[in-house]
Every structure is written in C-alpha cells, then in structure tokens.
Amino acid sequence: MVTFVSGPVRVSVPATSANLGPGFDSLGLALDLRDELEAEVTAGGLAVEVSGVGADEVPRDESHLVVRSMRAAFAEMGAEPAGLRLACTNVIPHARGLGSSSAAIVAGVCLARALVAGGTLLMDDDAVFRLAARIEGHPDNVAPAFHGGFVISGQEDGEFYAVASSVDPRVAAVVFVPPTPVSTEVARGLLPAEVPHADAAADAGRTALLVAALAGQPEHLHRATRDYLHQDYRRPAMPESLALVDLLRGEGHAAIVSGAGPTVLVFTEGQESGAAADLVARCPEGWAVHHLTVDRDGVRVGP
Ligand SMILES: Nc1ncnc2c1ncn2[C@@H]1O[C@H](COP(=O)(O)OP(=O)(O)O)[C@@H](O)[C@H]1O
Ligand SMILES: N[C@@H](CCOP(=O)(O)O)C(=O)O
C-alpha cells in the first residue's frame with residue numbers, strides 16, 4: 001500500500017530556453033531563474049496558493065498545471081492522497097518562451113514523487129523525465145528543467161530520451177522579455193508540415209556546430225545559432241522579437257528566439273562582460289531584461 005511522507009516537501013525548478021536557434025524540439029538550456037513550490041498531503045480537499053508572475057491568470061482548481069502533473073505522477077505510482085495543499089511562488093514569465101509550462105510540469109511530478117514514501121523506488125529519474133515530456137508533448141524544455149545544463153533530447157519509437165552535453169563556463173545569456181505573451185500552442189500552429197531539403201540540411205549542420213560551440217568554442221556561437229526551421233515562420237506572431245533578433249545578429253551577436261518566443265535570447269561570454277552590460281542597456285521600452293547564468297542543477301527537491 002502506498003503511504004505518504006508527513007509534512008511539506010519543496011522543489012525549485014529553473015527556466016529553460018529551448019531550440020537555441022537551429023535545435024528545434026531537441027536542444028534546451030537551463031537558466032538561473034527559478035520557481036519555488038511547496039506541497040503537502042492533507043486530510044481532504046485541494047488548496048492552491050499562487051504568488052508572483054501569472055498569479056492572476058492561473059486557475060486554483062484541478063486544472064492548474066502543477067496539480068494536473070501531480071495527479072498524473074500519483075496515478076503512475078498508484079497513490080491517491082486524501083487532500084493536497086500546494087503553494088507556488090512564480091518567477092518564470094508565462095507564455096514568453098522561457099519554459100514556464102515545463103517548469104510547472106517537472107515541479108508537479110517531482111513534488112508528487114517526493115510526497116510518496118519511497119517514491120524514487122516507484123518512479124526513477126527516467127520515469128519522471130518521460131512522464132513530464134509526455135505531459136508537455138515535446139522534451140526540449142523538460143529535459144534541462146529536470147537535469148540542468150545543456151541537454152539534447154528527442155523521441156524514438158514513441159519514447160523520449162535525453163543526453164546531457166557540456167557548456168563552456170564562459171557562456172551566459174541576456175534575455176529580453178516582451179510584455180505580451182504568445183502561447184507555445186499558437187506559435188507551433190504557424191509551422192509548416194514540410195520544409196525544403198536544403199533548409200533541413202543547413203539546419204542540421206548548424207545544430208552540430210552549436211553543440212561544439214557551447215561545449216568550448218563560443219566564438220562560433222553566432223554562426224551556430226542560425227535557424228532554418230521555425231523562427232521566420234513565427235515572425236507574424238512576434239514581429240518585434242524577430243526585428244530585434246535581426247538587428248542584433250546584424251551586429252554580430254548570437255541572438256535567437258527563445259523557445260517558441262517571443263523572448264529574445266542573446267548568448268554572452270561571462271556574467272561580468274562589458275558586452276553583456278551594453279546589451280542589457282538596449283532593452284526595448286516596456287520589456288524586461290535579465291542577465292542569466294546557466295543553471296547546472298535542474299530541479300532541486302528538499303524537505
Ligand atoms: N507555474 C505555473 N502554474 C500554472 N500554470 C502554468 C505555470 N506555468 C505555466 N503555466 C501554464 O502554461 C502556460 C504557458 O505555457 P506555454 O504557452 O507553453 O509557454 P512557456 O512554457 O513558454 O512559458 C500558461 O499560460 C499557463 O496556462
Ligand atoms: N520546441 C518548442 C519549444 C517551446 O518552448 P516554450 O518555452 O516556448 O514552451 C517549440 O519551439 O515549439
């Protein structure tokens with residue numbers, strides 16, 4: 001019979017940037033910007049408290065994404081808690097291309113596993129990652145949110161896989177976050193069913209180069225971040241973001257659309273670099289800007 005731990009459990013989960021230019025649905029990087037969550041099993045009912053970004057927009061019932069993810073994990077473990085209390089402190093902006101939904105899903109699955117006594121025996125890390133990726137539908141944000149760092153992920157024979165790859169310690173990022181959201185669902189709807197072979201071939205080459213550039217040759221990041229598969233198709237939903245990408249790339253910066261957008265991410269070399277400070281100063285009016293290091297931990301789970 002499944003039993004539960006007494007008292008609350010806590011998780012902290014990082015933002016992620018998927019695609020990174022050419023790596024559509026396969027590359028993702030964890031960034032040091034974290035949501036914090038706490039949950040406990042109660043005698044009955046569901047209580048959801050939310051503070052921080054998106055607090056006015058998310059539901060407080062069973063449809064809340066963290067709650068849905070917890071329920072899916074409990075079902076996989078054969079667990080049925082009498083009641084639940086969940087408290088979320090959100091920092092990752094919603095529907096901006098920084099992986100808020102994957103963070104919510106990974107957090108929910110990890111909270112549920114931590115609440116079940118012996119949960120890691122019922123669900124190992126691979127099972128957590130695969131369930132989270134199934135809920136999200138694509139693995140590229142879920143993988144770094146769970147593992148941290150830079151992760152290459154995909155799907156084969158209906159099963160998701162993730163492989164960690166190294167990131168040069170000099171690599172950091174400036175993210176420009178527009179005030180208006182674009183949902184990933186809408187941005188995915190703009191993609192064509194087919195692309196020219198020449199584009200696919202060029203994109204494959206840049207993806208390979210990007211793995212090498214991130215691993216230790218950041219001087220190649222500008223060339224390596226050129227995308228052929230998604231950014232231009234998404235331009236109508238985020239023209240200001242693409243205009244900023246074009247402008248910055250024209251100046252030699254490794255600028256990309258983060259995830260499905262509309263956030264613009266620019267790779268930098270080093271947290272203290274003058275170039276990064278200059279970039280931060282160029283944030284468009286009304287947008288937010290963060291200079292972020294690469295998160296190496298992924299999800300953190302504690303009592
Ligand atoms: N912390 C959260 N708690 C509840 N729901 C969330 C949370 N984060 C994201 N969501 C849900 O996911 C949606 C955003 O997901 P998505 O469009 O994939 O954008 P992104 O993952 O790029 O931020 C939000 O509108 C909200 O419905
Ligand atoms: N590969 C996905 C990535 C979506 O990332 P998000 O942070 O915008 O949810 C896509 O490009 O659709």
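Reply: Two residues are in contact if their C-beta atoms, placed from the backbone, lie within 7 Å. This is a predicted model, in which local features need pLDDT of at least 70 and side-chain atom pairs count only at pLDDT 80 or more, while totals for chains, interfaces and linings use all residues. Residues are numbered from 1 along each chain as its sequence is written, and ligands are numbered from 1 in the order in which they are written.

Me: Which residues of α2 meet α4?

Reply: Helices (H or I, at least four residues) and strands (E, at least two) are DSSP runs, numbered from the N terminus. From α2, Ser-101, Ser-102, Ile-105, Val-106, Val-109, Cys-110 and Arg-113 meet Val-128, Leu-131, Ala-132, Ile-135 and Glu-136 of α4.

Me: How is the packing of α2 and α4 described?

Reply: Two packed helices are described by the angle between their axes and the distance between the axes. Axes are lines fitted to C-alpha atoms, for helices over the stretch in contact, and angles run from 0 to 180 degrees between N-to-C directions. Here α2 (residues 100–115) and α4 (residues 125–136) pack at about 140 degrees, with axes 9 Å apart. Angles under 35 degrees count as roughly parallel, over 145 as roughly antiparallel, 65 to 115 as roughly perpendicular and the rest as oblique; α2 and α4 are therefore oblique to each other.

Me: Where does ligand 2 lie with respect to domain 1 and domain 2?

Reply: Domain bounds come from an automatic or database domain assignment. Ligand 2 lies between domain 1 (9–165) and domain 2 (171–293), because both give residues to its shell.
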